[in-house]
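Here's a quick tour of this chain for anyone about to look at it on screen. Have the sequence and the model open side by side as you read.

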Amino acid sequence: MNWTLEVVVVPVADLDRAKEFYADRLGFVVDHDTAINDDTRLVQLTPPGSGCSIVIGKGLVPDMPPGSIKGLQLVVPDLQKARAELVERGVEVSEIQVMGKNPRPVPDPLDNVGFIYFSDPDGNAWAVQQISSRA
């Protein structure tokens with residue numbers, strides 16, 4: 001039996017600001033934006049090509065302090081291209097960092113060990129890792 005992670009709740013203070021950041025700055029697809037009443041709203045967004053979405057909202061999501069999620073990680077096949085895209089969209093993103101050494105030869109020296117980092121407007125922290133091929 002497969003057990004797949006499909007949704008991660010990301011705590012935010014301002015839903016509209018967060019939706020704009022994830023959709024317009026990061027390019028996540030807005031799967032749905034559902035307002036049930038004035039106190040209950042859910043927005044589900046999915047990174048392009050991902051099987052896992054994020055949910056931001058109020059009312060039906062766990063009560064967590066905005067910005068308390070650290071260590072969310074995206075994977076891309078080309079870290080330099082991903083970084084350039086984020087910069088072009090106005091995201092404050094770190095320079096490329098190499099974390100360690102590859103244990104075996106890889107097609108690109110950034111594979112597995114190349115990372116960039118950014119945070120959303122609430123301080124939820126994200127990493128982006130390059131993996132262009134898997135063994």
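Which residue in the turn of the E7 and E8 hairpin has a positive phi? That's Gly123, with a phi of about 100°; the hairpin leaves 5 residues between its two strands. Keep in mind that this is a predicted model. Here's the rest of the picture, topic by topic.

**The chain overall**

- You're looking at 2 helices and 8 strands, and along the sequence they come in the pattern β-α-β-β-β-β-α-β-β-β.
- Along the principal axes, the C-alpha atoms fill a box of roughly 55 × 40 × 25 Å.
- The chain has 135 residues, and 39% of them count as buried.
- Take the contacts between residues at least 6 apart in sequence: 53% of these join residues at least 24 apart.

**The four-strand sheet and its helix**

- One open sheet is made of 4 strands in the order E1-E4-E3-E2, with mixed pairing.
- Strand E1 (7-9) and strand E2 (29-37) sit at the edges with a single partner strand each, so each has one side without a neighbour in the sheet.
- From one strand to the next, the twist averages 20°.
- E2 and strand E3 (residues 40-46) run antiparallel and are joined by 7 bridges. If you want a spot to look at, Val30 stands opposite Leu45 in E3.
- Helix H1 (residues 15-25) packs on this sheet and touches E2, E3 and E4. The direction of H1 makes about 10° with that of E3.

**Around strand E8**

- E8 pairs with E5 through 5 bridges, and these two strands run parallel. On that side, Leu72 has Trp126 in E8 as its bridge partner.
- E8 also pairs with strand E7 (residues 114-119), again through 5 bridges, but E7 and E8 run antiparallel. Here Ser119 has Ala125 in E8 as its bridge partner.
- E8 is mostly covered, with 5 of its 6 residues buried.

**A look at Gln130**

- Is Gln130 buried or exposed? Gln130 counts as buried because its relative accessibility is 1%, and the cut-off for buried is under 20%.
- Gln130 belongs to strand E8.
- Leaving out residues up to four places away in sequence, Gln130 touches a run of neighbours that includes Val76, Pro77, Asp78 and Leu79. Also among its contacts are Asp108, Leu110, Asp111, Asn112 and Gly114.

**The largest pocket**

- How much space lies in the largest pocket? About 690 Å³.
- The lining of this pocket counts 28 residues, and the closest to its centre are Pro47, Pro48, Leu74, Val75 and Val76.
- Four elements each give two or more residues to the lining: strand E4 (53-58), strand E5 (72-76), helix H2 (79-88) and strand E8 (125-130).
- E5 provides the largest share of that lining, with 5 residues.
- Sorted by class, the lining has 18 nonpolar, 6 polar and 4 charged residues.

Note on methods:
Residues are numbered from 1 along each chain as its sequence is written. This is a predicted model: local features need pLDDT of at least 70, side-chain atom pairs count only at pLDDT 80 or more; totals for chains, interfaces and linings use all residues. Side-chain values use heavy atoms; hydrogens and water are left out. On a 1 Å grid over the protein atoms alone, a cavity is a set of points where a 1.4 Å probe fits but cannot get out, and a pocket is an open set with protein on both sides within 12 Å along at least five of seven lines; lining residues have an atom within 4 Å of a point. Grid points are joined across faces, edges and corners, and a volume is the space filled by probe spheres set on the points. Ala, Val, Leu, Ile, Met, Phe, Trp, Tyr, Cys and Pro count as nonpolar, Asp, Glu, Lys and Arg as charged, and the others, Gly among them, as polar. Two strands pair if DSSP finds at least two bridges between them. Axes are lines fitted to C-alpha atoms, for helices over the stretch in contact, and angles run from 0 to 180 degrees between N-to-C directions. Contact means heavy atoms within 4.5 Å. Buried means under 20% relative accessible area, exposed over 50%, partly exposed in between (1.4 Å probe, protein chains only).
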